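Work through the exercises below with the coordinates open. Try each task before reading its solution.

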Amino acid sequence: MRILGIDSSKHSTGFVFMVDGKIVHQSLLLFEKGSKVGAFLSRLRFTVQKKITEFKPDYVVIEDLNIQFMAAARHMFLYHGVLQEAIWNAHKSEAIYVVNSSWRSKLGIKTPTKDDKIAKAVQVGINKKGKPVFQEWDVKCETILRINELLGTKFVYEENDIADAAGLCLWGEIALVN
C-alpha cells in the first residue's frame with residue numbers, strides 16, 4: 001500500500017510517503033516567519049501536487065483540524081482548503097481526514113497525565129542564568145517515542161510534524177486494510 005501522510009500546523013507541514021509500512025520519503029515545508037500567507041499557500045499547493053505526481057499514492061491521509069487557538073484557525077482553514085484542492089487536482093480523489101486522537105489511539109499513543117508531564121520533562125537547554133530549561137512532556141513527545149519505536153526512526157521534537165505524518169501513514173496501513 002502506498003500512502004502519503006500530511007500533517008499541517010501553523011508553522012510547518014510534514015510529509016511522509018510510505019510503501020508497505022516503510023518510509024521512502026520524508027520532508028518538512030516551513031512557513032518562514034514574516035512570509036506572506038499567500039506565498040506559503042502557493043508553495044504548499046505546488047509541493048503537494050509534486051509529491052502526488054512523483055509518488056502516486058493509493059491514499060492521502062491528513063490529520064483533521066484541531067484548532068486550540070483562534071489565531072491559528074484562519075491559517076489552518078486556508079491550509080486545509082489548499083491541501084484538498086491540490087490533492088483533487090493531482091489525485092482526482094479526496095483526502096482521508098483522521099482526528100489526531102483517533103490515529104494516535106490506534107497506534108497505542110496515550111495523552112500523558114499531569115504527573116507524567118512533570119515527571120518526564122526533558123531538558124532542552126540552558127537559560128541566560130545558566131539554569132536548565134525543560135520541555136514539558138506532552139503528546140508530541142509520546143507520539144515521537146512511539147513512532148520511533150514502531151518504525152525504528154530517530155525523530156526528534158523539532159520533527160514532530162514529520163513523525164505525525166508517519167503516524168498517519170501507519171494508521172492508514174491498519175485502518176484502510178480492514
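The exercises below concern a predicted model.

**Exercise 1. Salt bridges**

Task: Find how many salt bridges the whole structure holds, and place each pair.

Solution:
1. The search of the whole structure returns three salt bridges.
2. Take R45 and E85. Their side chains meet at 2.7 Å, N to O. R45 sits in helix α1 and E85 in helix α2, so this pair ties together parts 40 residues apart in sequence. R45 is partly exposed, at 27% relative accessibility. E85 is partly exposed too, with a relative accessible area of 36%.
3. Take R104 and D164. Their closest N and O atoms are 3.2 Å apart. R104 belongs to helix α3 (residues 100-106) and D164 to helix α6, so the bridge ties together parts 60 residues apart in sequence. R104 and D164 are both buried.
4. Take R146 and E149. Here the closest N and O atoms are 2.4 Å apart. Both residues lie in helix α5 (residues 139-151), three residues apart, or about one turn of the helix. E149 counts as exposed at 56% relative accessibility. R146, at 24%, counts as partly exposed.

**Exercise 2. A buried acid**

Task: Determine what E63 pairs with, given that E63 is buried yet has no salt bridge.

Solution:
1. Locate the residue. E63 lies in strand β4, which covers residues 59-63.
2. Check for opposite charge. The nearest such side chain is R104, 4.1 Å away. A salt bridge needs a separation within 4 Å, so R104 does not qualify for E63.
3. Look for polar partners. The side chains of E63 and W103 share a polar contact of 2.9 Å.
4. Scan the surroundings, leaving aside neighbours within four places in sequence. E63 contacts several residues, among them I6, H80, Y97, R104, D164 and L168.

**Exercise 3. Two helices**

Task: Compare the end-to-end reach of α2 and α6 with the expected spans, then describe their burial.

Solution:
1. Start with α2. Its 22 residues reach 31 Å from first C-alpha to last, close to the 32 Å expected.
2. Turn to α6 (residues 160-175). Its 16 residues reach 22 Å, close to the expected 22 Å.
3. List burial in α2. Its buried residues include A72, M76, H80, L83 and I87. The buried residues of α2 pack against β1, α1, β4 and β5.
4. Assess α6. This helix is mostly covered, with 14 of its 16 residues buried.
5. Inspect G167, which is in α6. G167 counts as buried because its relative accessibility is 0%. Beyond four places in sequence, G167 touches W103, L107 and I147.

**Exercise 4. Positive phi outside glycine**

Task: Place D20 and K92 in the fold, and decide whether each is buried or exposed.

Solution:
1. D20 is not a glycine, yet its phi is positive, about 50°. D20 lies in the loop between β2 (12-19) and β3 (22-30). At 54% relative accessibility, D20 is exposed.
2. K92 has a phi near 55°, again a positive value in a residue other than glycine. K92 comes just after α2, in the loop leading to β5 (96-98). Its relative accessible area of 55% makes K92 exposed.

**Exercise 5. Cysteines**

Task: Count the disulfides and state the burial of C141 and C169.

Solution:
1. The sulfur pairs must lie within 2.5 Å. The count comes to zero disulfides.
2. C141 is buried, at 9% relative accessibility.
3. C169 is buried as well, at 0%.

Note on methods: Residues are numbered from 1 along each chain as its sequence is written. This is a predicted model: local features need pLDDT of at least 70, side-chain atom pairs count only at pLDDT 80 or more; totals for chains, interfaces and linings use all residues. Side-chain values use heavy atoms; hydrogens and water are left out. Helices (H or I, at least four residues) and strands (E, at least two) are DSSP runs, numbered from the N terminus. Buried means under 20% relative accessible area, exposed over 50%, partly exposed in between (1.4 Å probe, protein chains only). Lys and Arg count as positive and Asp and Glu as negative; His and the chain ends are not counted. A polar contact is a pair of N or O atoms within 3.5 Å; within protein, one must be able to donate a hydrogen and the other to accept it, and residues adjacent in sequence count only if both atoms are side-chain atoms. Contact means heavy atoms within 4.5 Å. The expected span of a helix is 1.5 Å times one less than its number of residues.
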